[in-house]
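Biologist: Got a minute to go through this one with me? I'd like to hear how each label is earned.

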Amino acid sequence: MSGHASGGAAPGPVAVITGGGGTLGTAMATRLAEEGNAVVLLDRDEAAARAAADEVAARTGGSVVGWRADVADEDDVRASVDRIARTHGRLDRLVNNAGVNRRDTLADQDPRIWDEVMAVNLRGPMLLCRAALPLWRRTGSGRVVNIASRTWLGGGPTSYVTSKAGVVGLTRTLAVELGPLGVTVNAVAPSMIVTALTSAGRDEARLRELTERHRRMTPMRRLATPEDVAEAVVFLTSDGAGFITGEVLHVCGGAQLAPAP
Ligand SMILES: NC(=O)c1ccc[n+]([C@@H]2O[C@H](COP(=O)([O-])OP(=O)(O)OC[C@H]3O[C@@H](n4cnc5c(N)ncnc54)[C@H](O)[C@@H]3O)[C@@H](O)[C@H]2O)c1
């Protein structure tokens with residue numbers, strides 16, 4: 001049942017995934033639904049959010065809905081969290097996963113592109129957390145996972161890398177601010193996975209060259225998978241991870257220790 005309110009408070013925990021219509025978001029939704037969460041997928045691409053919700057609901061038998069929301073838009077974010085409060089009654093797990101990547105350098109930097117990347121990748125997670133705050137105050141608990149990237153360490157598109165380093169900064173400072181409320185805030189930093197985000201604008205040969213370079217620089221000698229990332233999200237949102245906050249969990253086979261590709 002995608003795009004519809006389920007009506008009344010959800011019986012179990014509620015997980016919200018932004019960018020839920022994309023590849024990593026769908027993998028996370030699958031695992032969080034399997035773990036018994038009612039899942040809400042938010043995506044600015046409504047058709048993608050609905051399709052992912054239908055697919056995950058069919059695969060897991062869980063409660064999964066897909067709604068349109070632009071995480072960079074303050075009104076959209078507020079309206080989405082209000083809707084979650086009305087339909088589900090709580091927001092236990094928030095995965096800030098929506099992201100865009102523009103392949104810029106300092107030399108060709110267009111400040112409008114810079115602002116767009118910051119708005120989605122950095123302001124979005126802040127807006128979601130701010131909107132969810134009253135719900136966390138009410139329940140006295142919450143789990144936030146912000147999807148950063150291995151590239152936050154440096155080396156890559158200027159705006160994207162800066163936004164992901166900002167996500168790490170946001171994660172650390174919100175861990176301090178929200179800890180007393182019982183809310184943990186962590187980041188997951190994956191290495192390269194072939195998705196729409198990484199393949200857009202690249203032909204097959206270029207993509208193959210890039211993935212091979214990533215594979216060679218990775219001590220585990222393979223690329224990350226959406227499932228690798230989903231497992232890290234499940235762990236950091238679990239009850240067992242309740243005393244872990246302000247951390248960056250690299251999901252990149254040791255590539256965080258390697259020089260930038
Ligand atoms: N694929 C990789 O190699 C990789 C590596 C490290 C980190 N990441 C991060 O993982 C996250 C998911 O990426 P993916 O690879 O699944 O890409 P994807 O393109 O498959 O998914 C991203 C989703 O975000 C949505 N989105 C974009 N802007 C939005 C907005 N303003 N509001 C709401 N939704 C919006 C898109 O519609 C899309 O469905 C991103 O934050 C990305 O930076 C990806």
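Biologist: What makes the T23 and ligand pair a polar contact?

Modeller: A polar backbone atom of T23 is 3.0 Å from an oxygen atom of the ligand. The cut-off for a polar contact is a pair of N or O atoms within 3.5 Å, so T23 makes one. A backbone N or O atom of G22 lies 3.2 Å from a ligand oxygen atom, and for I193 the distance is 2.7 Å.

Biologist: How much of the ligand does the protein cover?

Modeller: On its own the ligand has 830 Å² of accessible area, and the protein covers 93% of that (Shrake-Rupley method, 1.4 Å probe).

Biologist: Can I trust the input?

Modeller: This is a predicted model, where local features need pLDDT of at least 70 and side-chain atom pairs pLDDT 80 or more, while totals for chains, interfaces and linings use all residues. Residues are numbered from 1 along each chain as its sequence is written, and side-chain values use heavy atoms, without hydrogens and water.

Biologist: What puts a residue in the shell around the ligand, and how many are there?

Modeller: A residue needs a heavy atom within 4 Å of the ligand. That gives 29 residues, with D43, D70, Y160, I193 and T195 the closest.

Biologist: Which element gives the largest share of that shell?

Modeller: That's α6, with three residues; helices here are DSSP runs (H or I, at least four residues) and strands are too (E, at least two).

Biologist: The chain has eight helices and seven strands. Why is it called as compact as a globular protein of that length?

Modeller: Its radius of gyration, taken over C-alpha atoms, is 17 Å. The globule rule (2.2 Å times the number of residues to the power 0.38) gives 18 Å for 261 residues, and 17 Å is close to that, so the description holds.

Key
A polar contact is a pair of N or O atoms within 3.5 Å; within protein, one must be able to donate a hydrogen and the other to accept it, and residues adjacent in sequence count only if both atoms are side-chain atoms.
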